Each structure stands twice: as C-alpha cells, then as structure tokens.
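Okay, thanks for making time for this one. I'd like to walk you through a structure, so have the viewer open and follow along.

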Amino acid sequence: MGISATVIDPADTQALQEALDKYDVSLYFSESPTNPYLRCIDIPLVSRMCHEKGALVCIDGTFCTPINQRPIELGADIVIHSATKYLAGHNDVLAGAICGKEDVVSKVRQVHNVLGGVVDPHAAYLVLRGMKTLELRVERHNKNAMALAEVLEKHPRISKVHYPGLKSHPEHHIATKQMSGYGGVVSFEVDGDLETTSKFIDSCRLPYIAPSLGGVETLIEQPTVISYWDQGPAMRAELGIKDNLVRFSCGIENFDDICADVLQALDKI
C-alpha cells in the first residue's frame, strides 16, 4: 500500500523530531500507557510537534480508558480502544473502537466497509452493557493496582515495578499531569530467572493465566511465555522483554484477597 514506518522509543521526543524532519510523516501512533512497561507519552507535546509538520496523532488509550485519560482533549486527533478490555470489561467479547473528528473517522469507515471486521449485534450489546459500569470498575481497578504496586515495590523478591502511579516510574511526572488514575495493569520483574518466574505465576491461585486484561477478573501472564515466545530470545532481548517480567491485570476483587495471593506465591520461590 506504499506505507512505511519508522519505529522510535515512545518517550524519545528528539527521535520523533528527527523523524518528522527527515520523512513526510502523516501519522504518529503510540499506546499511552504502553504495553507491557506502561511508558507514558507526553500527548500535548507530541501533538504540537506533529501538527506543526501536518501529521495526525493517534493514541491507543486501551490501558487507561476514557475514565483516566482523554487524549483528544490533550491534542490528539484519533483515539482507539480495544473494547475487548476495559470498555466491555468482562472478558467475554472481541471488539474495537475508534474516536475522532468526523472527517478523519469517516475515511477510516470507508476502508472498514471494504475490509470488513464488523462487530456482531450480540458483541455490541455486551460492550454497551459493560460501559454502564465502566467508571465504577475503573475506580476499583485503579485502587487495586496502585496498592499492589506499592506492596510489590517494597518486596525483596521483586527487582523492579513498572506502574505510572509510582514516583519511581520514568514518566510519573507526565502521568500525573494528564491522567486522573493510573489503570489496573501492573508490570513487575521477579528477582529470578524464567523458571522462577513461571513458578511464581503457577503458585498464584486467584488470577487466571491469560493474555488479556481489563476484565472484572484478575489476570496474570509471563510475556516471554505467552505473548512473545515465538519471537525467540534474540528478538525478545531487542524488544526489552525479560524472562522475569510479569504483567498483572488487577480485577475488581477485594484487594486483600489479591495481595494475600500474590504474597503467598512469592513466598514459594
């Protein structure tokens, strides 16, 4: 289709400026927060930089939801969501959503009509049902994840915690400016190797082992084993995916139950 892409570190604004100066950029795309390390994009700054060069800005807001962050209000042109995750919120539907100005979204709709990918009526119903409780659920996701991140950061068997709500996060200062909550996903690194991390996950009793997120049930995964296993060790290393990395999607269960389960699993490694 005559489309090329330049990949940069999402937080590297200098690399972005160099790409904007060197290429005829039409679209900037990034998650914010990103998966799985929850890096945060300075959306107002990136939007100004891109708009000066005539490029549109598209932000994937799945991890934060519209409750915690509204990228269009911050300057972005397009926002997409995996409605499978928080919007539907019950781990029982596959759907997506795109938001933006009519002149932009209408062009996407034209291509969509050709390529397909239409949500069936029952899936649409499930998304609408889930959105009725979105704000209530996200408040609980935020609360559980923040509390868990604080516990994990102090635990001797955890070497690093990745969560925008923590002051140790490299973009905490950005997150506090543009997010009202920090989401339900906590990524962390176990102080051990692949097998030790797998033993920790297998020792957890409350969460389901699954690659999704954003549902009412807590989910846990080891990205090396589930999401990136087919990439091979060399490619995973290039992407920064460590063998001891865990992605933990807090559900809306009682926090004491979540915390107790994680701690007993850590005691077993």
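Let's jump right in at a pair of residues: Cys58 sits opposite Ile78 in β3. Before I go on, bear in mind that this is a predicted model.

So, how do β2 and β3 pair? Strand β2, residues 56–60, and strand β3, residues 78–82, are joined in the parallel sense over 3 bridges. Another bridge pair to click on is Asp60, whose partner in β3 is Ile80.

Now the other neighbour of β3. Here β3 and β4 run antiparallel, with 5 bridges joining them. If you want a spot to look at, Ser82 stands opposite Gly96 in β4.

Let's zoom out to the sheet these strands belong to. It's an open sheet of 4 strands, ordered β1-β2-β3-β4, and the pairing is mixed. Which strands stand at the edges? Those are β1 (27–31) and β4 (96–100), and each has a single partner strand, so one side of each is left without a neighbour in the sheet. From one strand to the next, the twist averages 15°. As a general reminder, strands of a sheet pair through backbone hydrogen bonds, either parallel or antiparallel.

Next, what packs on this sheet? Helix α2, residues 43–52, does, and it touches β1 and β2. The direction of α2 makes about 150° with that of β2.

While we're on α2, look at its helix partner. Helix α1 covers residues 13–22, and its axis comes within 10 Å of the α2 axis, crossing at roughly 15°. That angle is under 35 degrees, which makes α1 roughly parallel to α2. The crossing of α1 and α2 is right-handed. On the α1 side, the contact uses Thr13, Leu16, Gln17 and Leu20; on the α2 side, Leu45, Val46, Met49 and Cys50. By class, that contact has 6 nonpolar residues, 2 polar and no charged ones. In general, an α-helix has 3.6 residues a turn, so residues three or four places apart point the same way.

A few backbone details for those of you who like checking torsions. Where does Pro33 lie? Pro33 is in the loop between β1 and α2, and a cis peptide bond joins Ser32 to Pro33, with omega about -5°. There's another cis bond to look at, between Asn35 and Pro36, with omega about 5°. Pro36 also has its place in the loop between β1 and α2.

Then there's Thr65, which isn't a glycine but has a positive phi of about 65°. You'll find Thr65 in helix α3, residues 65–68.

On to helix α4, residues 102–115. With 14 residues, α4 reaches 20 Å from its first C-alpha to its last, close to the 20 Å expected at 1.5 Å a residue. After α4 comes Gly116, with a positive phi near 95°.

Okay, please rotate to the other sheet. This one is open too, with 5 strands in the order β5-β6-β9-β8-β7 and mixed pairing. Its edge strands are β5 (158–162) and β7 (208–209); each has a single partner strand, so one side of each is left without a neighbour in the sheet.

Inside that sheet, in which sense do β6 and β9 pair? Strand β6 (residues 185–190) and strand β9 (residues 245–249) are antiparallel, over 5 bridges. One bridge there puts Phe188 with its partner Val246 in β9.

Which strands does α6 lie across? The answer is β5, β6 and β9, and α6 runs at about 15° to β6.

Last stop: α6 again, this time against α10. Helix α6 is residues 134–153 and helix α10 is residues 255–266; their axes come within 10 Å and cross at roughly 30°. So α6 is roughly parallel to α10. The crossing of α6 and α10 is right-handed. From α6 you get Arg140, Asn144, Ala147, Leu148, Val151 and Leu152, and they meet Phe255, Ile258, Cys259, Val262, Leu263 and Leu266 of α10. By class, the contact of α6 with α10 comes out at 10 nonpolar residues, 1 polar and 1 charged.

That's my tour, so go ahead and grab the viewer.

Methods:
Residues are numbered from 1 along each chain as its sequence is written. This is a predicted model: local features need pLDDT of at least 70, side-chain atom pairs count only at pLDDT 80 or more; totals for chains, interfaces and linings use all residues. Side-chain values use heavy atoms; hydrogens and water are left out. Axes are lines fitted to C-alpha atoms, for helices over the stretch in contact, and angles run from 0 to 180 degrees between N-to-C directions. Helices (H or I, at least four residues) and strands (E, at least two) are DSSP runs, numbered from the N terminus. Angles under 35 degrees count as roughly parallel, over 145 as roughly antiparallel, 65 to 115 as roughly perpendicular and the rest as oblique. A crossing is left-handed if the near helix is turned anticlockwise from the far one by less than a right angle, and right-handed if clockwise. Contact means heavy atoms within 4.5 Å. Ala, Val, Leu, Ile, Met, Phe, Trp, Tyr, Cys and Pro count as nonpolar, Asp, Glu, Lys and Arg as charged, and the others, Gly among them, as polar. Two strands pair if DSSP finds at least two bridges between them. The expected span of a helix is 1.5 Å times one less than its number of residues.
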